Amino acid sequence: MFEDMGFNLARKEKRGKLKFDLLPRKNKREGAFCLNVDPKKDVRILANLTPSIDGFRTLAHELGHAVYNFGVSTFLPIFSKIPKNDVTEGVAVFFETLINKEGCYIKQLPKKDVEEFKKQGINYPINSSFFLN
């Protein structure tokens, strides 16, 4: 999904620029967020994803923040690199909203998975490769 739009997040993950902590575990912080440690060099996503449409949307939303963070110019003064909340939320919500469109996942996933999704209703398996490839 992201690569189709020109955002190669898989390459950033392979180069260690995008890091994930996605699965729930004991004593882990609740919620989800994207942390911009160093623009274009170190972006991290923490979440507690479940195999549901909400987990799918959460991952898309946080990856939207990552897209924004990787797009910040390294030539800006340090305080100009701080994410502008209204803009970064707009980008994140855009990607989250794409999950609501059936054609989005039909285009990206194997046909057998799409059929299984339709049978299950809202219970979608979490698969980060959907977003990264």
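## Exercises around Phe95 and its neighbours

At 3% relative accessibility, Phe95 is a buried residue. The model is predicted, and the exercises below start from this phenylalanine and work outwards.

**Exercise 1. Which aromatic residues cluster with Phe95, and how are the rings arranged?**

Step 1. A pair of aromatic rings is described by the distance of the centres and the angle of the planes. Rings pair if their centres lie within 6.5 Å, and planes over 60 degrees apart count as edge-to-face. By this rule there are two aromatic pairs.

Step 2. Take Phe7 and Phe95 to begin with. Their centres are 6.0 Å apart and their planes make an angle of 85°, which is edge-to-face. Phe7 sits in the segment before α1 (9-14), while Phe95 belongs to helix α3, so this pair ties together parts that lie 88 residues apart in sequence.

Step 3. Now take Phe94 and Phe95. Here the centres are 5.0 Å apart and the planes stand at 75°, so this pair is edge-to-face.

Step 4. Put the pairs together: Phe7, Phe94 and Phe95 make up one aromatic cluster. For exposure, Phe95 is buried at 3%, Phe7 is partly exposed at 30% relative accessible area, and Phe94 is partly exposed at 44%.

**Exercise 2. Where on helix α3 do the buried residues fall?**

Step 1. Check the length of the helix. The 14 residues of α3, at 1.5 Å a residue, should span 20 Å, and the end C-alpha atoms are indeed 20 Å apart, so expectation and model agree. (The expected span uses one less than the number of residues.)

Step 2. List the buried positions: Thr88, Ala92, Phe95 and Leu98. Viewed down the axis of α3, they fall within an arc of 120°, so they line one face of the helix.

Step 3. Turn to the face that points away from the buried side. There you will find the exposed residues Asn85 and Asp86.

**Exercise 3. Which elements supply the largest nonpolar core?**

Step 1. This core has 20 residues, and those with the most contacts inside it are Met1, Phe2, Leu9, Leu18, Ile45, Leu63 and Ala66.

Step 2. Strand β3 (42-46), helix α2 (53-71) and helix α3 (85-98) each supply at least two core residues. Helix α2 gives the most, with seven.

Step 3. Zoom in on Ala66. Leaving out residues up to four places away in sequence, Ala66 touches Leu18, Cys34, Val43 and Ile45.

**Exercise 4. Asn27 and Lys28 are in the loop between β1 and β2. Is each one buried or exposed?**

Step 1. Start with Asn27. With a relative accessible area of 77%, Asn27 is exposed. Its phi is positive, at about 65°, although Asn27 is not a glycine.

Step 2. Compare this with Lys28. The cut-off for buried is under 20% relative accessible area, and Lys28 has 9%, so Lys28 counts as buried.

Step 3. See what surrounds Lys28. Beyond four places in sequence, the contacts of Lys28 are Asp21, Leu22, Leu23, Leu46, Ala47 and Asn48.

Step 4. Follow one of these contacts, Leu46, which lies in strand β3. Leu46 is buried, at 16%. Beyond four places in sequence, Leu46 contacts Asp21, Lys28, Arg29, Gly31, Ala32 and Phe33. As for Glu30, 16 residues from Leu46 along the chain, the two C-alpha atoms are 9.3 Å apart.

**Exercise 5. What is the layout of the whole chain, and where is confidence highest and lowest?**

Step 1. Count the elements: the chain has six helices and three strands. In sequence order they follow the pattern α-β-β-β-α-α-α-α-α.

Step 2. Look at burial and contacts. Of the 133 residues, 36% are buried. Among contacts with a separation of 6 or more, 67% join residues 24 or more positions apart.

Step 3. Read the confidence. The average pLDDT is 76, and 65% of the residues score at least 70. Confidence is highest in β3, with a mean of 94, and lowest in helix α6 (residues 129-132), with a mean of 48.

Step 4. Consider residues 122-133, where pLDDT stays under 50. For this stretch the model has 44 contacts beyond four places in sequence.

Definitions and conventions
Residues are numbered from 1 along each chain as its sequence is written. This is a predicted model: local features need pLDDT of at least 70, side-chain atom pairs count only at pLDDT 80 or more; totals for chains, interfaces and linings use all residues. Side-chain values use heavy atoms; hydrogens and water are left out. A nonpolar core is a set of buried Ala, Val, Leu, Ile, Met, Phe, Trp, Tyr and Cys residues joined through side-chain atoms within 4.5 Å. Buried means under 20% relative accessible area, exposed over 50%, partly exposed in between (1.4 Å probe, protein chains only). Helices (H or I, at least four residues) and strands (E, at least two) are DSSP runs, numbered from the N terminus. Contact means heavy atoms within 4.5 Å. The arc is that of the directions from the helix axis to the C-beta atoms. pLDDT is the predictor's confidence in each residue, from 0 to 100. Rings of Phe, Tyr and Trp (its six-membered ring) pair if their centres lie within 6.5 Å; planes under 30 degrees apart count as stacked, over 60 as edge-to-face and the rest as tilted.
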